[in-house]
Amino acid sequence: MAMALVNLDFAEELKAYGVDTALECFNCGTCAAICPLLFEHFPRKMIRYAHVGAREKILEQAQDLWRCLHCGLCTRTCPRQAGPGELILGLRRFVLAHARRA
Ligand code: SF4
Ligand code: SF4
């Protein structure tokens, strides 16, 4: 079952970057529908990557994280309190930490 495809290790790793809601998302798509960017299912796509632990996808598409406008609409409308806006900021910190090591 697709929803069972979660990566507990990556969710744990993300806590160091201020993300503790990575596993709350149930992929409903509300955040992508409300996001003013209307860009490739953003931010749901990134949340999904975090959920399943697709760290290489996040690093490959890292520049997209900097498109976020911090408007907060996604976080306010998320039915699971997954904090998608904060998750995007946490993923930026994750990317920056890994870029510095590169
Ligand atoms: S609105 Fe919340 S639960 Fe729905 S896809 Fe976005 S982060 Fe996940
Ligand atoms: S905070 Fe960022 S990701 Fe969330 S709705 Fe606003 S622009 Fe989109």
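**Exercise 1. Find which residues form the shell around ligand 1, and sort them into nonpolar, polar and charged.**

Solution. Begin with the kinds of residue: in this predicted model, the shell around ligand 1 divides into eight nonpolar residues, three polar ones and one charged one. Next, put names to them: the surrounding residues are Cys-25, Phe-26, Asn-27, Cys-28, Gly-29, Thr-30, Cys-31, Arg-44, Cys-78, Pro-79, Ala-82 and Pro-84. Arg-44 is the charged member, because Asp, Glu, Lys and Arg are the residues that count as charged. Asn-27, Gly-29 and Thr-30 are the polar ones, because every residue outside the nonpolar and charged groups, Gly among them, counts as polar.

**Exercise 2. Which space in the protein does ligand 1 take, and what lines that space?**

Solution. The first step is to identify the space, and ligand 1 turns out to occupy the largest cavity. The count of cavities of 30 Å³ or more comes to one, and the volume of the largest cavity is about 80 Å³. The second step is to look at the walls: 14 residues line this cavity, and Cys-25, Asn-27, Cys-28, Cys-31 and Cys-78 lie nearest its centre. Helix H2 (30-34) and helix H3 (44-52) each give at least two residues to the lining of the largest cavity. By kind, the lining of the largest cavity consists of nine nonpolar, three polar and two charged residues.

**Exercise 3. Describe the surroundings of ligand 2 and the space that this ligand takes.**

Solution. Start again from the shell, in which ligand 2 is surrounded by Cys-35, Pro-36, Phe-42, Pro-43, Cys-68, Leu-69, His-70, Cys-71, Gly-72 and Cys-74. Eight of these residues are nonpolar and two are polar, while no charged residue is present in the shell around ligand 2. Then turn to the space, which for ligand 2 is the largest pocket, holding about 170 Å³. Of the 16 residues lining this pocket, Cys-68, His-70, Gly-72, Cys-74 and Gly-85 are the closest to its centre. Helix H5 (73-77) and helix H6 (84-101) each supply at least two lining residues of the largest pocket, and the largest share, four residues, comes from H6. In the lining of the largest pocket, eleven residues are nonpolar, four are polar and one is charged.

**Exercise 4. Decide how many disulfides the structure has, and whether Cys-35 and Cys-71 are buried, partly exposed or exposed.**

Solution. A disulfide is a covalent bond between the sulfur atoms of two cysteines. A search of the whole structure finds zero disulfides. For the second part, Cys-35 is buried because its relative accessible area of 10% falls under 20%. Cys-71, at 33%, is partly exposed because this value lies between the limits of 20% and 50%.

**Exercise 5. Where do unusual backbone angles occur, and are the residues with positive phi buried or exposed?**

Solution. Most residues other than glycine have a negative phi, and most peptide bonds are trans. Against this background, consider first the peptide bond between Phe-42 and Pro-43, which is cis, with omega about 5°; Pro-43 is placed in the loop between H2 and H3. Leu-38, in the loop between H2 and H3, has a positive phi of about 45°, and Leu-38 is exposed because its relative accessible area of 68% is over 50%. Gln-81, in the loop between H5 and H6, has a positive phi near 50°, and Gln-81 is likewise exposed, with a relative accessible area of 60%.

Notes
Residues are numbered from 1 along each chain as its sequence is written. Chains are lettered from A and ligands numbered from 1 in the order in which they are written. This is a predicted model: local features need pLDDT of at least 70, side-chain atom pairs count only at pLDDT 80 or more; totals for chains, interfaces and linings use all residues. Side-chain values use heavy atoms; hydrogens and water are left out. A residue is near a molecule or strand if one of its heavy atoms lies within 4 Å of it. On a 1 Å grid over the protein atoms alone, a cavity is a set of points where a 1.4 Å probe fits but cannot get out, and a pocket is an open set with protein on both sides within 12 Å along at least five of seven lines; lining residues have an atom within 4 Å of a point. A molecule sits in a cavity or pocket if more than half of its atoms lie within 2 Å of its grid points. A disulfide is a pair of cysteine sulfur atoms within 2.5 Å. Buried means under 20% relative accessible area, exposed over 50%, partly exposed in between (1.4 Å probe, protein chains only). Grid points are joined across faces, edges and corners, and a volume is the space filled by probe spheres set on the points.
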